[in-house]
Every structure is written in structure tokens, then in C-alpha cells.
Amino acid sequence: LAGCACLAACGAEPPPPPVAVLASEHVEALLAGDFEEFTAATGIPVTVTWGDSAGHADRLIDKSGAPADVIVTDNVADIWRAADGGALRPIESLALAAQPAFLRDPDDYWAALQVRWHAVYHHEETAPPALDVRDLGRPEFAGSICLSSSRLPVNRSLLAYLVEADGLLETERLARRWVRNLAHPPFASEQELLEAVRDGTCTYGIASRGEGEVAADLVAVVSEPWTLEIAAIGVNRHAAHPDAAQGLVDWLLRHRAVWTQPADMPPPPAAHIAGWRDDEVRLLAERAGYR
């Protein structure tokens, strides 16, 4: 009581409550320094719980655990599921309109913070011309390709785009051909896959690539049509501090240039396709024997 009276007498205001963020551990490097800069600019502190993207989405949907205001996922499937489960509220930010429509939710429940493109990795001397992910299903690639697990959202995202473009049957047939052409069972991570391409275990590998990113000793050919996986951000529908949460999202969208589309390139398919088709793709991969 004496402390409160002193603050009142001095006209001092207590610090604002922190914005509570649930963030995937896989985007920690991406967001390094951002929350500290937001606090320095606004005076609003941020507390972050790093962890599993899917688990965080479940926590918002189930309204379980400690209250959270903002979620950052490392893939579109989890942020889509959170929105579809009624756990997100629309983002209120003028910066959202500046982001390409294919990088945000059709109803503004989430927006991209990072873009990664699906690519075929190989050593320069091994590459035939015009190589893309569909080519790797041809018989001449038998015993030469590698994949990471279909349990990784980035790979289900690729399959979702292929289903959208080519249909369910043709994409399942392609996945079966990939499995038939494998040089090694699917790897648990993209990092392990790329190491296998480097050491010659695989001649070709399908993995993601960030803008401006270079893989040492390897060439990355972005597949066409361009398909992508994103890290995404949204605001909890039941946020304890919704105004501060919206402020943090707006600040991040303004201070993070996600991607600039080349003038001569048509827009990629919308990112939400990967979330919308995720359950369908899980079953497709299981039927195709792609583990």
C-alpha cells in the first residue's frame, strides 16, 4: 500500500503488462532481436515461450495452459488449423494490405513473416537442364533422389500445391514414383537430407530454400510453378492484451520485408492451400508409402 501511495504521489505509472508470445523453436533465429527492438520502441515488454508449432496451435484451440496473446508458427498448416479452430482474431494492421495476398490468410487471421521455396538441390556437374520436382519421378532418376520425411510440414506443403495444380491422383502417382526412386529412406530433417546430397548418398534432394540463402557446395533450383512454405503470425482470439498483441504484429509486419515479387514472375499459389489441404495430403503420403 505504501508503495502504491508513493507511485500515485509521484505521478509514476506502472509498466504495461507484457505481450505473451507462443513461438516455434524453429523461428528463434528468424526473430532474433525483434522483440527487444519492439520493447525499446514501444515500452511494451514481450515474453516468449519457445516450443513446438503444432503444440502451440493445439494450446490456443483448446484454450489450455497459461494465457497467450500472439502465436508464431514455422509452417502454414498449424496457423491455418488455429484459425480454422476459431483460435485467432483478424489482424488489425495497415501493413497487412502491403503484403501480397498469397502470403496471408484470405480473412486476415494470419500473415507470413518468412518465405521458403521448394527447390531441387544437387551438385552442379550432375544437373540436367530444366530440372524440377516432377522430373524426379522419371525412371532415369531411380536410386538417385532423397526426401525428408512427410511428417515435416514443408513437404506436405509441396504436395498440397501439387494436388492443387495437378489433382489428387496425379500427385499420389508422383509421390509413389519418388518413393520408387529413393536412394535412401526419407530423412528426419532437411539438414540431414542436404548433408546426404553433399556426401553423395543422393544425387538430388528436395528441400526448402530461403531468399538469398546459399547452401555450401550445392546448387538449388527453385521448382516451377513456384511453391512455398511460410512462417506465420496471428493474434489469439482470447488474448489477454489484444491491443498490445495487435501492436506487436503490426510492428513486425512493418519492420520485416518478407519478399518482393519480381515483376516478370506470376504470383505463386496462395499459401493457405497448404493448410487447407494438409489432412488430405497426410492420407496421400500414407497411401503412397512416403513416410
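Which helix gives the largest share of the lining of the second largest pocket? The legend to Figure 2 returns to this point. All views are taken from a predicted model.

**Figure 1. The largest pocket and its lining in the predicted model.** About 860 Å³ of space lies in this pocket. Its lining consists of 36 residues, and those nearest the centre are H26, D74, R116, E190 and Q191. Two or more lining residues come from each of the helices α3 (53–62), α4 (76–84), α6 and α8 (190–198), and likewise from each of the strands β5 (110–122) and β9 (228–236). Helix α8 gives the most, with four residues. Sorted by class, the lining holds 15 nonpolar, nine polar and twelve charged residues.

**Figure 2. The second largest pocket, with its lining residues.** The volume of this pocket is about 200 Å³. Its walls are formed by A54, A77, D78, W80, R81, D84, G275, W276, D278, D279, E280 and R282. The answer to the opening question is α4, which supplies five residues, the largest share of this lining. Helices α4, α10 (272–276) and α11 (278–288) each contribute at least two residues. The lining is made up of four nonpolar, one polar and seven charged residues. Two of the lining residues, D278 and R282, are joined by a salt bridge that is shown in Figure 6. Two others, D78 and R81, belong to a network of salt bridges that also includes D58.

**Figure 3. The largest cavity and the residues around it.** A search of the whole structure yields one cavity of 30 Å³ or more. The space in the largest cavity amounts to about 30 Å³. The residues L147, N155, L158, L159, W178, I206 and Y290 line this cavity. Helix α6 (residues 153–166) gives the most to the lining, with three residues. Six of the lining residues are nonpolar and one is polar, while none is charged.

**Figure 4. The disulfide between C146 and C202.** The structure contains one disulfide. The sulfur atoms of C146 and C202 lie 1.9 Å apart, and this distance satisfies the 2.5 Å limit for a disulfide. The link joins distant parts of the chain, with C146 in strand β6 (residues 145–146) and C202 in the loop between α8 and β7 (204–210). Along the sequence, the two cysteines are 56 residues apart. The link is left-handed, with -80° about the S-S bond. Both C146 and C202 are buried.

**Figure 5. The salt bridge between E172 and R287.** This contact is one of the 17 salt bridges found in a search of the whole structure. The closest N and O atoms of E172 and R287 are 2.8 Å apart. The pair links distant parts of the chain, since E172 belongs to helix α7 (residues 168–180) and R287 to helix α11, with their positions 115 residues apart. E172 has 12% relative accessibility and therefore counts as buried, because the limit for buried residues is under 20%. R287, at 39% relative accessibility, counts as partly exposed.

**Figure 6. Two salt bridges that each lie within one helix.** In helix α8, the side chains of R198 and E195 meet in a salt bridge, with an N to O distance of 2.8 Å. These residues are three apart in the sequence, about one turn of the helix. R198 has a relative accessible area of 27% and is therefore partly exposed. E195 is also partly exposed, at 44% relative accessibility. In helix α11, R282 forms a salt bridge with D278, and their closest N and O atoms are 3.1 Å apart. R282 and D278 are four residues apart, about one turn of the helix. The burial of these partners can be explained by the limits used: D278 counts as buried because its relative accessibility is 8%, whereas R282 is partly exposed because its relative accessible area is 43%.

**Figure 7. The salt-bridge network of D58, D78 and R81.** The residues D58, D78 and R81 are linked in a network of salt bridges. D78 and R81 are also among the residues that line the second largest pocket shown in Figure 2.

Technical notes:
Residues are numbered from 1 along each chain as its sequence is written. This is a predicted model: local features need pLDDT of at least 70, side-chain atom pairs count only at pLDDT 80 or more; totals for chains, interfaces and linings use all residues. Side-chain values use heavy atoms; hydrogens and water are left out. On a 1 Å grid over the protein atoms alone, a cavity is a set of points where a 1.4 Å probe fits but cannot get out, and a pocket is an open set with protein on both sides within 12 Å along at least five of seven lines; lining residues have an atom within 4 Å of a point. Grid points are joined across faces, edges and corners, and a volume is the space filled by probe spheres set on the points. Ala, Val, Leu, Ile, Met, Phe, Trp, Tyr, Cys and Pro count as nonpolar, Asp, Glu, Lys and Arg as charged, and the others, Gly among them, as polar. Buried means under 20% relative accessible area, exposed over 50%, partly exposed in between (1.4 Å probe, protein chains only). A salt bridge is a side-chain nitrogen of Lys or Arg within 4 Å of a carboxyl oxygen of Asp or Glu.
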